[in-house]
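User: I'm new to this structure and would like a close look at just one part of it. Could you take chain C and walk me through it, then show me a little of what sits around it?

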Amino acid sequence: MTEVAALPLVARRRALTRALRRNPLLLSGALIAFLLVVVAVFAPLIAPHPADAGTATNPIESLLPPSWHHLFGTDAVGRDLLSRVVFGARISLRIAGLVLASSILIGVPLGLAAGYFGGWIDSVIMRVTDVFLAFPALLLSLALAAVLTPSVGNATIAIAVTWWPWYARLARGQAASVAGRPFIEGARALGVPPVRTLLRHVLPNSITPVIVQASLDVGGIILTAAALSFLGLGAQDPTPEWGLMVSQGQSYFTTQWWLVTFPGAAILVAALAFNLLGDGLREVLDPRRIERR
Amino acid sequence: MTLYVAKRLALGLLVVVGVLILTFVIARVVPGDPAASWVGPHATPQELAKAHHDLGLDKSVPRQVVDYLHGIVVGDWGVSIHTKHSVLSDLASRAPASVELVVAALLIALALGIPLGLASARWRGRAPDLLVRFAAVAGVSMPVFWLALILQLIFFQKLGILPVAGQYDPNLDYTSPLAAHTHMAVVDALVEGNWPVLWSALQHLVLPAVVVAAYPLGVIARMVRASVLETLGEEHVRMVRALGFPERAVFWRFGLKPALNPIVAITALVFAYSLANTFLVEAIFDWPGLGSYVAASTQSLDTPAIIGVTLLIAIVYVVSNLIVDIVQAFLDPRIRLS
Amino acid sequence: MHRLVLVAAAAAVVLTPFALGATSAATTGTFTYGTYTDVMVGWDPSTSYSNEILAMQNMYETLTRYDSRAKKIKPLLATSVAKSKDGKTWTFTLRKGVTFHTGRPMTAQAAKAAIARTMKLHQGAAYIWDAVKSIATPNPSTLVFHLKYPAPLDLISSADYAAYIYDTKAAPAKQLPKWFSAAHDAGTGPYTIDKYAKGQEVEVRLKSYPKYWGGWNGGHYTRVVYRVIPQATTSAQLLRAGEISFAERLTPQLRDSFKSDKNVTVTSQTSFQNLLAMMNTASGPLADKTVRRAIAYGLDYQGIVASLHGGGTLSHGVIPPGLLGHSDSITGYPHDPKKATALLKSKGFGPGGKKLNLTLTYTQGDTDQQLVATLIKSNLAGLNINVDARPLAWPTQWDKAKSADKSKRQDILVFYWWPDYADPYSWFINLYHTEKTPYFNLSYFSNPRIDKMIDKAPSLTATNRAKADALYQTLQKQLLQDAPSVPLYDQAYQRTMLKSVGGFVENPAYPNVVFAYDLHPAA
């Protein structure tokens with residue numbers, strides 16, 4: 001289902017540069033995504049009031065509208081919203097990174113094994129992924145997060161549990177497409193240990209589609225994490241998580257518009273940037289795949 | 001054909017059983033004390049002991065799984081801690097409102113998504129394409145709960161139009177009472193010919209439906225674009241073009257029809273996703289469906305209710321997937337053979 | 001197949017423009033009360049002790065009613081009250097021609113049966129009748145109470161809870177609780193239950209009781225609707241659209257936004273309600289008095305009040321202004337982080353010491369409590385105390401606090417308290433008197449010396465108010481020492497309602513209640 005033409009690396013790189021120039025959506029997505037990473041890394045330097053992203057409060061200055069001193073205004077307990085939004089980038093990207101890393105670490109080996117060995121191993125692993133994929137991502141992570149104590153960590157776990165099957169599927173497709181080739185058959189006949197074959201010949205082929213999928217998924221993970229926090233099942237105050245900030249601003253949004261507008265816009269911009277990036281990458285590297293999520 | 005359907009059904013059933021087992025794990029294995037999470041915080045020691053027994057926690061795990069599956073099949077989905085009603089009856093009373101909302105959203109998404117996708121494919125690589133693609137990506141990147149608040153801000157607060165809470169104005173219950181047949185206000189009002197309620201219900205439906213439509217709209221527009229482009233790239237279409245038919249004729253004659261086929265599939269699949277998205281939207285609009293039920297349940301640590309909704313939507317998803325596959329197999333013989 | 005889809009899509013396009021239009025106006029004759037949490041927690045008028053007061057005070061009546069403005073007791077079901085010199089015999093003359101919604105007449109016997117049942121069940125606020133030894137009914141319109149010790153029975157009979165007069169014969173005695181919980185009422189009030197939908201947004205609908213003794217001449221609302229709207233912003237929007245007539249509570253910012261609205265009135269008045277942080281004195285780190293005192297010193301009360309933008313004022317002890325025992329000379333804890341640090345240090349906590357982890361619960365949907373929780377968390381973070389603050393729906397919050405398993409209970413619980421009649425006794429008997437199984441003493445506080453002082457209060461109130469005043473002040477000072485709880489602020493009631501709602505008078509003795517019969521709708 002997910003076959004990627006195995007272009008040589010150089011050609012692929014050249015295609016990428018060309019695509020960046022030709023595809024303004026991909027370019028803008030890549031730029032904003034890069035900017036977000038910069039903001040996240042240098043958050044303490046960028047945020048005008050870094051303490052406000054933590055436990056500090058300043059009730060005397062609560063609910064101030066945007067001004068030069070507080071570009072995004074202040075929230076109900078007088079925290080600088082800009083600082084919180086800036087630090088929020090860290091949280092969202094960290095969640096996305098952790099979810100992707102664990103999904104890839106769990107999903108890819110399982111998928112490779114399924115595709116390479118075939119037979120009952122394949123059936124079992126694929127039926128398990130079928131079950132997980134029978135839940136919309138938000139639904140399963142919500143159910144899990146609801147029985148765990150709400151925190152960023154548990155929300156991350158809940159999302160990761162719903163995400164790994166995609167990578168298992170992806171890797172399986174890759175492995176299955178190479179498994180039947182003569183050189184693999186040869187290696188098998190020569191008694192090369194399967195782990196080595198998998199690492200040497202099968203895994204490298206999977207890297208490109210995994211990267212494309214990962215960049216596509218960042219947006220979805222950021223949205224899911226924000227949604228869980230919005231429902232009270234993720235980050236807890238004073239964590240400057242964007243979804244939580246929208247939820248806290250809900251009581252004020254008609255009178256103090258900045259409280260929900262900025263953190264919500266941050267979610268949109270982040271998800272949009274990574275989705276544009278992922279979409280563009282897919283178009284360049286893998287034009288035939290149709291996403292079903 | 002029969003073989004294909006049988007195989008597909010068997011596979012679907014297997015997934016449903018898997019879904020049940022997974023929800024079992026979430027409800028009974030993940031929480032430290034499943035009985036406590038099942039009866040909620042207020043339980044007396046007696047109630048707790050009873051739950052411990054009722055859930056079969058004193059039995060072996062395989063036995064528990066079997067009992068659990070049996071309970072689901074005979075309609076014992078537990079009792080909601082929050083409403084004190086059986087979860088299944090709660091779901092039955094809440095589902096229609098959500099279905100009404102999601103169907104309205106999908107209609108909006110189709111009405112806008114198909115033309116946008118076509119426009120995008122027609123002018124590939126030019127401004128309209130770029131714009132539509134951006135809009136489609138924005139649609140799937142939209143935090144719907146935020147969109148809901150922003151639209152309320154604009155349409156109600158600033159412009160003073162469109163109501164923001166409930167299915168229709170409850171004051172109408174006195175002047176033009178509505179008998180509830182389906183619990184979908186628009187449908188009931190149509191059936192009854194109750195115009196004031198219909199009018200009010202449609203007004204109340206617009207904003208939440210538009211919000212829920214954001215995601216399917218993006219998916220459908222992208223899908224239409226992709227499949228039209230794929231068809232137009234095929235050999236026979238290129239041949240026609242080479243024969244000198246004007247581009248517009250080629251597009252409408254060959255590009256359009258096959259492109260619309262996958263829409264049926266994608267719409268069915270997006271249905272369950274949109275149901276899950278209502279979790280984030282309904283509470284904001286006080287919409288009396290599954291979404292506000294879930295939002296209220298998360299606040300009252302209502303495990304049976306949350307598991308019930310999860311199960312329901314997962315089953316809807318699996319079944320709609322199944323139906324799509326079988327319908328497509330009927331329409332397209334190639335699928336049967338693969 | 002896709003043709004069908006297209007037709008449906010076309011239909012949606014055609015229908016959409018119809019949906020754009022003006023919003024509805026309120027139906028005249030219907031008073032819609034917008035509240036933020038479920039109304040009918042209980043249905044039994046004897047045991048009800050929660051938010052259902054909003055509707056019950058319109059379905060049921062008491063013998064007397066306290067007028068907070070005039071600080072006077074007014075007749076209701078009783079037309080007059082007389083007490084003996086020793087304050088131990090009270091004679092109530094009942095109104096004639098009053099019927100229950102069940103159709104039976106309200107007689108002295110019926111009234112006695114209702115109070116007797118309340119006393120026998122002894123739940124909720126039933127303690128208010130504890131002084132009563134016996135009730136006599138010399139004739140159908142005379143009710144005589146004989147007391148064990150002097151007590152202000154005219155005030156007690158005006159209580160907001162546990163003082164309802166209702167028809168105990170509405171169902172056989174054993175089935176009565178079940179009959180009530182099936183959403184029935186058996187009061188004498190102007191309104192009776194029309195429709196109830198648990199968990200729904202429009203939760204309770206009341207309709208006028210045609211045979212109400214007050215009659216239906218002159219302008220009255222004939223229907224009262226309670227609509228649960230969790231978000232204050234939604235309430236404000238519904239009020240603006242005229243879909244609700246009255247918003248129980250909005251944020252100060254939302255109220256300000258109505259100042260220029262010609263169709264809306266905003267009122268504000270001090271109340272008998274305060275917000276308290278109940279600390280777990282029975283288990284966990286706060287069982288240690290020193291740690292509790294450190295927390296009391298650690299909170300920035302001025303900051304909390306500032307963030308409320310007029311929604312509350314600084315507390316002076318447990319008793320809010322306007323009630324016996326209140327004194328501005330009681331100052332409570334100042335915000336003194338140094339002192340707090342020193343106290344924590346003596347127990348190995350505080351900056352540089354062990355980290356202290358506390359759980360705090362507050363009521364979901366209450367913006368003020370959300371603010372306070374954030375501020376508490378922020379204040380205590382500076383003292384190396386991590387507060388895990390969780391918003392919960394009130395029934396869940398309460399259930400958690402009453403958990404049989406002590407480890408499931410919270411360390412700090414934030415909630416409101418208000419008295420059962422215009423008297424401070426309610427705080428002390430409910431929140432600080434020893435309880436075997438916790439009900440509202442959610443600090444799980446127990447001090448026999450304080451119990452004894454509390455027990456003396458009611459009779460002293462009936463006989464010597466000056467002495468009672470002094471007793472309450474001593475009690476408050478002692479409670480500040482033991483610190484089972486900290487009063488965070490005294491609430492101001494701020495209502496927002498349509499201008500068309502006439503005759504609204506805030507009566508803090510019946511918190512958040514709107515007596516709908518007393519309103520007159522503008523035509």
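Analyst: Here is a walk through chain C, followed by a short look at its neighbours.

Keep in mind that this is a predicted model. Let's start with the overall build. Chain C holds 15 helices and 19 strands. Its radius of gyration is 25 Å, close to the 24 Å that the globule rule gives for 523 residues, so chain C is as compact as a globular protein of that length. If you lay the C-alpha trace along its principal axes, chain C spans about 80 × 65 × 45 Å. Of the 523 residues in chain C, 54% are buried. Then there's the way the chain folds back on itself: take the contacts in chain C between residues at least 6 apart in sequence, and 69% of them join residues at least 24 apart.

Now zoom in on a run of strands. Strand β8 (residues 191-196) of chain C pairs with strand β9 (residues 202-208) of chain C in the antiparallel sense, over 5 bridges. One bridge you can pick out by eye links Tyr191(C) to its partner Ser208(C) in β9(C). The hairpin of β8(C) and β9(C) has 5 residues between the strands, and there Gly199(C) takes a positive phi near 75 degrees. β9(C) also pairs with strand β10 (residues 223-228) of chain C, again antiparallel and over 5 bridges. On that side, look for Lys207(C), whose bridge partner in β10(C) is Arg223(C).

Next, the backbone has a couple of oddities. Most residues other than glycine have a negative phi. Lys71(C) has a positive one, near 50 degrees. You'll find Lys71(C) in the loop between β2 (64-67) and β3 (72-75) of chain C. Lys71(C) is exposed, because it has 10 other C-beta atoms within 10 Å and the cut-off for exposed is 12 or fewer. Ala162(C) is another non-glycine residue with a positive phi, near 65 degrees. Ala162(C) lies in the loop between α4 (153-156) and α5 (176-181) of chain C. Buried or exposed, then, for Ala162(C)? Ala162(C) has 26 C-beta neighbours inside 10 Å, so it counts as buried.

Now for the neighbours. Chains A and B touch through a contact that takes 40 residues from chain A and 41 residues from chain B. On the side of chain A, several helices supply at least two residues each, among them α2 (24-41) and α9 (194-230). The top contributor there is α11(A), with 9 residues. Sorted by class, this side of chain A has 30 nonpolar, 6 polar and 4 charged residues. Elsewhere in chain A, a cis peptide bond joins Asp237(A) and Pro238(A), with omega about 5 degrees. Pro238(A) sits in the loop between α9 and α10 (242-249) of chain A.

Finally, chain B. The largest nonpolar core has 358 residues, and Val144(B), Phe145(B) and Ile220(B) touch the most other members. Helix α10 (residues 195-232) of chain B gives this core its largest share, 23 residues. Leaving out residues up to four places away in sequence, Val144(B) touches residues including Val211(B), Tyr215(B) and Leu280(B).

Terms used
Residues numbered from 1 in each chain as written. Chains lettered and ligands numbered in written order. Predicted model: local features only at pLDDT ≥ 70, side-chain atom pairs only at ≥ 80, totals over all residues. Helix = DSSP H or I, 4+ residues; strand = E, 2+ residues; numbered from the N terminus. Rg over C-alpha atoms; globule rule 2.2 N^0.38 Å. Buried ≥ 20, exposed ≤ 12 C-beta atoms within 10 Å, placed from the backbone. Contact = placed C-beta atoms within 7 Å. Core = buried A, V, L, I, M, F, W, Y, C linked by C-beta atoms within 7 Å. Pairing = 2+ DSSP bridges. Nonpolar A, V, L, I, M, F, W, Y, C, P; charged D, E, K, R; others polar.
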